[in-house]
Amino acid sequence: MVTDDLAPPPYRGQIQRVEGRSTKGGKRNGLPKIHELELEHVEGQRIAARGHQPPSGEGARSATGVCVIEPGQFPYCPICLREEVAADTMEHVPPKAFGGTVMANTCADCNNRLGSRTEAALQDWYDDAIQAHFTSDASPEPFGHDRILMLKTESGEVVMLMEKSSPGGPSPLDRLRDPNVQIHYKIPRPAEFKTGLLKSAYLAACLHFGGVVHTPSLMSARDELLRARDAKSRRAVRLGPIAEALKAHRTGVAASGPSLALLRSDHEGESTYLISLAGTILIEWPFPDLDPMLSPRMRAA
Ligand SMILES: [Zn+2]
């Protein structure tokens, strides 16, 4: 519920303004799909809600660009390092849904299988979305699968926005009025979305250094990616320590600029390096035993 004096949801009204949805046929499919929304209810009330807030005040730090991380070609898959498997698929870093472009070649397993274990949760995490379905006493089979965006109004109330509803059928919220219907939902699992972030960070580090660097943290990251790739299902992906320690920030703006870039943030005399994923996500450099400034590309510059 947004306010008590409105009719019960779902609201009948007009969308006044949507921000963040990518344009069809545009060059980039940058997230977020819906970041900000303003609705006008049939009775005239306006509801404005948005996804995550960009950090402000103490949390806000400025960062300056150090360099663009360029695409590269690897002699074998940089993730599994198998020489006997063709590394002939085009890897978007970050994933296409975040505005990534083809940045590297990987093998089909590391590209598609690992992607299928991590990318859906990564999008849900970014969008503040949950996956929902319904069951009823009469129909124990799950039905009405839907993705629900959790936007917030300025006063902190949650607006649930159904991304799609089954055509012709009742809306999910109409279903909830039926006392025999139960809603089941899943929030994005850190094991999946953080491993997805780790994949982009790992490949960014390989590209920045022009090859796979065998430091302990990079090799541990690789192990975590391979374990996720080989998990039996998304739900079987486990959170490894490098992925768990990742610090990622959503910028809340649509994709722009280079797919990968290295940024530096100076705070109280200390420099932190950040990997920019098409301007949509910033990941704090997660490999403490590898100084990004020591890349041969930096020394050549
Ligand atoms: Zn591979």
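Two strands count as paired if DSSP finds at least two bridges between them. That rule opens the way into this predicted model, starting with its strands S12, S13 and S14.

Take S12 and S13 together. S12 covers residues 260–267, and S13 covers residues 270–277. Eight bridges join the two strands, which run antiparallel. Within this pair, Leu263 stands opposite Leu274 of S13. S12 and S13 form a hairpin, with two residues between the strands. Glu268 sits in that turn, and its phi is positive, at about 50°.

Now follow the chain onward. S13 also pairs with S14, residues 281–284. The sense is again antiparallel, this time over four bridges. Here Ile275 has Ile283 in S14 as its bridge partner. S13 and S14 make a hairpin too, with three residues between the strands. Ala278 takes a positive phi there, near 50°. S13 thus pairs with S12 and with S14.

Turn next to the cavity. The structure holds one cavity of 30 Å³ or more. Its volume is about 70 Å³. Which elements give two or more residues to its lining? They are strand S5 (89–93), helix H1 (108–127) and helix H3 (190–209). H3 gives the most, with four residues. The lining includes Gly196, Lys199, Ser200 and Leu203. Thr118, Glu119 and Leu122 are also among the lining residues, as are Glu91, His92 and Val93. Pro94 and Pro95 complete the list. By class, the lining has five nonpolar, four polar and three charged residues.

One lining residue deserves a closer look: Glu91. This residue lies in strand S5. Is Glu91 buried or exposed? Its relative accessible area is 2%, and the cut-off for buried is under 20%, so Glu91 is buried. Its side chain has a polar partner: the side chain of Thr106, at 2.6 Å.

The surroundings of Glu91 can be traced further. Leaving aside residues up to four places away in sequence, Glu91 touches Thr101, Val102, Met103, Ala104 and Thr106, among others. Cys110 and Asn111 are also among its contacts. So are Lys199 and Leu203. Those last two also line the cavity, as does Glu91.

Note on methods:
Residues numbered from 1 in each chain as written. Predicted model: local features only at pLDDT ≥ 70, side-chain atom pairs only at ≥ 80, totals over all residues. Heavy atoms only, no water. 1 Å grid on protein atoms, 1.4 Å probe; cavity = no way out; pocket = protein on both sides within 12 Å on 5 of 7 lines; lining within 4 Å. Points joined across faces, edges and corners; volume = space filled by probe spheres on them. Nonpolar A, V, L, I, M, F, W, Y, C, P; charged D, E, K, R; others polar. Buried < 20%, exposed > 50% of the residue type's maximum accessible area, 1.4 Å probe, protein only. Polar contact = N/O pair within 3.5 Å; in protein donor to acceptor, adjacent residues only side chain to side chain. Contact = heavy atoms within 4.5 Å.
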